[in-house]
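This briefing collects computed structural features for use in modelling work. It is arranged by topic, with related residues kept together.

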Amino acid sequence: MTNFLDEACAAARARTTAAAAVVSLGVLRRRVAGADPPPGLVAALAAPGVTVVAEVKRASPSRGPIAPIPDPAALARSYAEGGAGAVSVLTEPHWFCGSLADVEAVVGAVAIPVLRKDFVVEEYQVWEARASGASAVLLIVAALDDPQLQGLLAAADRAGLDALVEVHDAGEATRAATAHAAAATGRRLVVGVNARDLTSLKVDPDRFAAVVDALPAGALAVAESGVKGPDDVRRLGALGADAVLVGEHVACADDPAVAVRALATAGAQVADASTGAPR
């Protein structure tokens, strides 16, 4: 792991320990027992064309402050109005200025799936996400060893959540596929190829092309980071992306609904070009 990732994961474990001292894992599980299942992220990403996952993102380690976002629910409604198939919500508080309250606000505002995006290293965080109404959690392969990754995939399934498994190279893609098979959840594998290098924090626009062929047949591919407009959506769709996860471009837009609509329209054009058949 990089130094940044080491620090972020250590901070996540400390937050989890503090949260569990107030509300136990057992209490979280009981809170969601019998609750209706959330809308599925896999179903949204498997729709024809390139699905737009629009992100509620206030800040990042690479850029610092991005957008204040005083009302994440209103922003999420704008995303949905523009045609986003899902919303990603950053809940890490230090570098990204997010919280689980943002997830709860967004879940209450839109009917589309909501991804909890954080440095998930403990099963407790999976159940936090479920109790907050999320549909899925992010699992970063570089932050986890193989038993941890397999265990968290299984935990997500038990909680009724999909998982977006983030990779940065072909080796991590292979690890993601192996852990998913070992977890035997019956859920479809969703792999996010992050173009941002975790060491330099720079975006490599060719990263998706370099990794996508290493994904196993049947996996859904999400291109993360560096999407700045419709041309990127069309390019990534032509390379095999089922979805794009877009943060700064839409969070900073003067009209987020218009910005998302332009991306979603480009994604639909990819479906038209391939006769509209689901990937």
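**Contacts around L45**

Setting aside residues up to four places away in sequence, L45 touches T51, V53, V190, L220, V222, D242 and A243. The model is predicted, and the values that follow are computed from it. The topics below are the surroundings of L45, the salt bridges, two helices with their coverings, and the cysteines.

- L45 belongs to helix α3, which spans residues 41–45.
- The residue is buried, its relative accessibility being 2%.
- One of its contacts, L220, is 175 residues away in sequence, yet the two C-alpha atoms are 7.2 Å apart in space.
- T51 and V53, also among the contacts of L45, fall within strand β1 (51–56).

**Salt bridges**

- The model contains 18 salt bridges. Side chains of opposite charge can pair when their charged atoms come close.
- R15, E92, R116, D118 and E128 are joined in a network of such bridges.
- Within this network, E92 pairs with R15, with 3.8 Å between the closest N and O atoms. E92 lies in the loop between β4 (86–90) and α5 (100–107), whereas R15 lies in helix α1 (residues 3–22), so the bridge ties together parts that are 77 residues apart in sequence.
- The two partners differ in exposure class: E92 is buried at 0% relative accessibility, while R15 is partly exposed at 28%.
- R15 also forms a salt bridge with D118, where the closest N and O atoms are 3.4 Å apart. This pair links distant parts of the chain, R15 being in helix α1 and D118 in the loop between β5 (114–117) and α6 (123–131), 103 residues apart.
- D118 is buried, with a relative accessibility of 4%.
- A further salt bridge connects the side chains of D146 and R175, at 2.6 Å from N to O. D146 lies in helix α7 (residues 146–158) and R175 in helix α8 (residues 170–183), so the pair ties together parts that are 29 residues apart in sequence.
- Both of these side chains belong to partly exposed residues: the relative accessibility is 41% for D146 and 25% for R175.

**Helix α5**

- The buried residues of α5 are D102, V103 and V106. Viewed down the helix axis, these residues fall within an arc of 100°, so they line one face of α5.
- An α-helix has 3.6 residues a turn, so residues three or four places apart point the same way.
- The elements covering the buried residues of α5 include β1 (51–56), α4 (72–82), β4 and β5.
- S99 caps the N-terminal end of α5, with a side-chain oxygen 3.3 Å from the backbone nitrogen of A101.

**Helix α6 and its neighbours**

- Helix α6 is mostly covered, with 7 of its 9 residues buried. These are Y124, Q125, V126, W127, E128, A129 and R130.
- E128, listed among the buried residues of α6, is also a member of the salt-bridge network that includes R15 and D118.
- The covering of the buried α6 residues includes α1, α2 (25–32), α5, β5, β6 (136–140) and α7.
- T16 is located in helix α1 and is buried, with a relative accessible area of 8%.
- Apart from its neighbours within four places in sequence, T16 is in contact with E122, Y124 and Q125. Y124 and Q125 are among the buried residues of α6.
- After α6 comes G133, which has a positive phi near 100°.

**Cysteines**

- The model has 0 disulfides. A disulfide is a covalent bond between the sulfur atoms of two cysteines.
- Why is C9 without a disulfide partner? The closest cysteine sulfur, in C97, is 18 Å from the sulfur of C9, which is too far for a bond.
- C97 is likewise in no disulfide, and the nearest cysteine sulfur to its own, that of C252, is 13 Å away.
- C9 is buried, with a relative accessible area of 1%, whereas C97 is partly exposed, with a relative accessible area of 40%.

Technical notes:
Residues numbered from 1 in each chain as written. Predicted model: local features only at pLDDT ≥ 70, side-chain atom pairs only at ≥ 80, totals over all residues. Heavy atoms only, no water. Disulfide = S-S within 2.5 Å. Buried < 20%, exposed > 50% of the residue type's maximum accessible area, 1.4 Å probe, protein only. Salt bridge = Lys/Arg side-chain N within 4 Å of Asp/Glu carboxyl O. Helix = DSSP H or I, 4+ residues; strand = E, 2+ residues; numbered from the N terminus. Contact = heavy atoms within 4.5 Å. Arc of directions from axis to C-beta. Polar contact = N/O pair within 3.5 Å; in protein donor to acceptor, adjacent residues only side chain to side chain.
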